[in-house]
Amino acid sequence: MNKDKTAGVVVPRDAIREHFGSSEPHQVIERVEQLLSYKEMPEGIDDELAAEGPALAHPSVQKLPLKAYLASALTGLSDEQRRTIFDISDRVNQICLESDIELYEPRKKTDPVHNSDVPDAEVFKMDHDRVVTSDLVIHLCHYPSTGAGEELGFAYASLVPIVLLAPGSQRVSRMITGIPSFKLEIKYEQPEDLNTLLSKRLLEIRPYLEERRVGLKLAQFNIVGERVRDLRLRAGLTGDELATMVGLKAESIRHLEENVDAISNPSLTHLRALATALKTTVAELIVPDLNEYILSQIQSSLYQRVPARFYDRMTPKDRNTLMRRYLYRVLDWLEKQ
Amino acid sequence: MRNQPSLPDPERTADRLRYKIGEDTIPVDVQNVRKLWTNLSIIEENIDGPGYLLPLGKLGAEIIVRQADSLERKRFTIAHEVGHWTLGITCERKLGEFQQPTGVKRELVEKWCDLFAASFLVPRESIADYFRGVHEALLVTRLARAPKHFKVSEEAMFIRMYDVLGIRIAYIDIEARTIRVTRAFVPESVVPEIEKVLMAPEIQDLLGLKTFASKVKVGAARFTCGWGPSPDSRHTLLLLLPCDASGDKLAGTGRVASSRP
């Protein structure tokens, strides 16, 4: 078995390859067709209960699935401006689809007109989490927007590449064009031109986006949050008390503790304040030792995956029991390889 | 919130699953779900919570139940976790990833799984069969035996009775000339209604009886009402079923027959 120790963790490469790459091309196509043809939640679940059992492995699509976020002005637009944004959004969505990129359009979930009942805090959280977990942010620069500016700020902080789309005559704020991160600007004359311009650029940067996604795998674990929670509990502090000490709201502490690093992405200022309050160093918060790192990976994985009754009140004993079962089964499987 | 994804009908899902695994007798053998999903393990552990579903990717999943629980409780826990499993598979078929439905509050998912478990272990038609033709004088006795018949806890059985037949069931405490509800197996909003009926003079006149079951008229409303010893003989079990003007809902179990396809 090949062993890759570059990341400090032993990786059973053959097993991974076998897991994700064993399908024949026709199987991949069938699988994709199944996924694409699946309609909204069915009335019954006859298909799900098919006798052959569930498909437990993830779909063996060779191309890495990518996600993009569409940032644009939505609030305070005239009807005509909304129409323009929606037309371009539909076009961008189609281009992304053809480029195997799943585009998230906030207007379909948190539109200020059609979804005005969604609470402000939820809009912030939903859109923030979407941006920082995306592989790409596409910004429509047609109209100024504080919301879109904020989203680009999130993208910058999380090193998410940005594509700026603007009509040829449009002057774009220098606060946008000046963002010092991976950024592409596409100017177009007619909306139809986008079909070629955007799809070509997406094709060009795809290898980079895929590489970035694989490279960020480690950020999908909750290292900082677990560490903060652990130290907070050891210090006998509640979330509220820690929040007060560092000048944040209790929700911020909860968000940090419960989310993977890629989503919580605390700033250096926050980390310094937390480290001081918890009588530790920033390094201790972000670089736990290998054992703790592995443990946090498993805990994070369990946290995301265990649908359990009273999960919020799960005791450490139960958490450990689940972890033991999990490790036992994984080790058993590895031994049989 | 808008655009919340809907969950499938828990009762129909449970019916389909029972059909798929060929379980058509009572008590339902919940372990037989492994006929359909051989990669689903059911194990007992010394845990604090009642049970968990631990998805293991391509290795399937484990349902972990609390060793110390009664058999009835374990059966319900397993059925509840099977509910999570079927929801996870539904998501996997839709999104390509095993997970619980997103955009639905966790409490709703848990409630769905409870309904699924109750429907799986206590099928609607079986309740109808169990009570069909039973004389009202024997209703309480029959009711007290139901948990053993279906191999579920009293709590699960009685809540299911309310869901399916609308029967209000409670433990009551009768002392001299007072009657008090000590535990009700109905939604909280229904408890005052039970208490109101028990306060009626027509009922108060019957307090000297240790067991009782008959139709009772309280004001303009009629009820099939009765009480008797609970399954473990530690409580007095109250049964209350409002009858509408068209007749007794329970006698022919017409409500049951007409409410299912």
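Helices and strands are DSSP runs, numbered from the N terminus. With that naming in hand, Leu159(A) can be placed in the loop between helix H6 (146-157) and strand S6 (162-167) of chain A. The model described here is a predicted one, and a few of its local features make a good starting point for a first visit.

Backbone geometry offers the opening stop. Most residues other than glycine have a negative phi, and most peptide bonds are trans. Against that background, Leu159(A) catches the eye, since its phi is positive, near 55°, in a residue other than glycine. Its side of the story also includes the surroundings: Leu159(A) has a relative accessible area of 59% and therefore counts as exposed, the cut-off for that class being over 50%.

Chain A holds another such residue in Asp100(A), which is not a glycine and yet has a positive phi of about 60°. Asp100(A) sits in the loop between helix H3 (79-98) and strand S4 (101-104) of chain A. Its relative accessibility is 40%, so Asp100(A) is classed as partly exposed.

Chain B contributes a feature of the peptide bond itself. Ile26(B) and Pro27(B) are joined by a cis peptide bond, with omega at about 0°. Pro27(B) belongs to the loop between helix H1 (10-20) and helix H2 (33-36) of chain B.

A helical residue of chain B comes next. Arg160(B) is part of helix H7, which covers residues 154-165 of that chain. Its relative accessible area is 2%, and because buried means under 20%, Arg160(B) is buried. Leaving aside residues up to four places away in sequence, Arg160(B) is in contact with Glu11(B), Ala118(B), Ser119(B), Val122(B), Pro123(B), Arg124(B) and Ile127(B).

The tour ends with enclosed space. Rolling a probe the size of a water molecule over the atoms shows where empty space is left. In this structure there are 2 cavities of 30 Å³ or more, and the second largest cavity encloses about 30 Å³. Its lining is made up of Cys141(A), Leu164(A), Ala166(A), Val172(A), Glu185(A), Ile186(A) and Lys187(A). Strands S6 and S7 (183-188) of chain A each provide at least two residues of this lining, and S7(A) gives the most, with 3 residues. Sorted by class, the lining of the second largest cavity has 5 nonpolar and 2 charged residues, and no polar ones.

Note on methods:
Residues numbered from 1 in each chain as written. Chains lettered and ligands numbered in written order. Predicted model: local features only at pLDDT ≥ 70, side-chain atom pairs only at ≥ 80, totals over all residues. Heavy atoms only, no water. Helix = DSSP H or I, 4+ residues; strand = E, 2+ residues; numbered from the N terminus. Buried < 20%, exposed > 50% of the residue type's maximum accessible area, 1.4 Å probe, protein only. Contact = heavy atoms within 4.5 Å. 1 Å grid on protein atoms, 1.4 Å probe; cavity = no way out; pocket = protein on both sides within 12 Å on 5 of 7 lines; lining within 4 Å. Points joined across faces, edges and corners; volume = space filled by probe spheres on them. Nonpolar A, V, L, I, M, F, W, Y, C, P; charged D, E, K, R; others polar.
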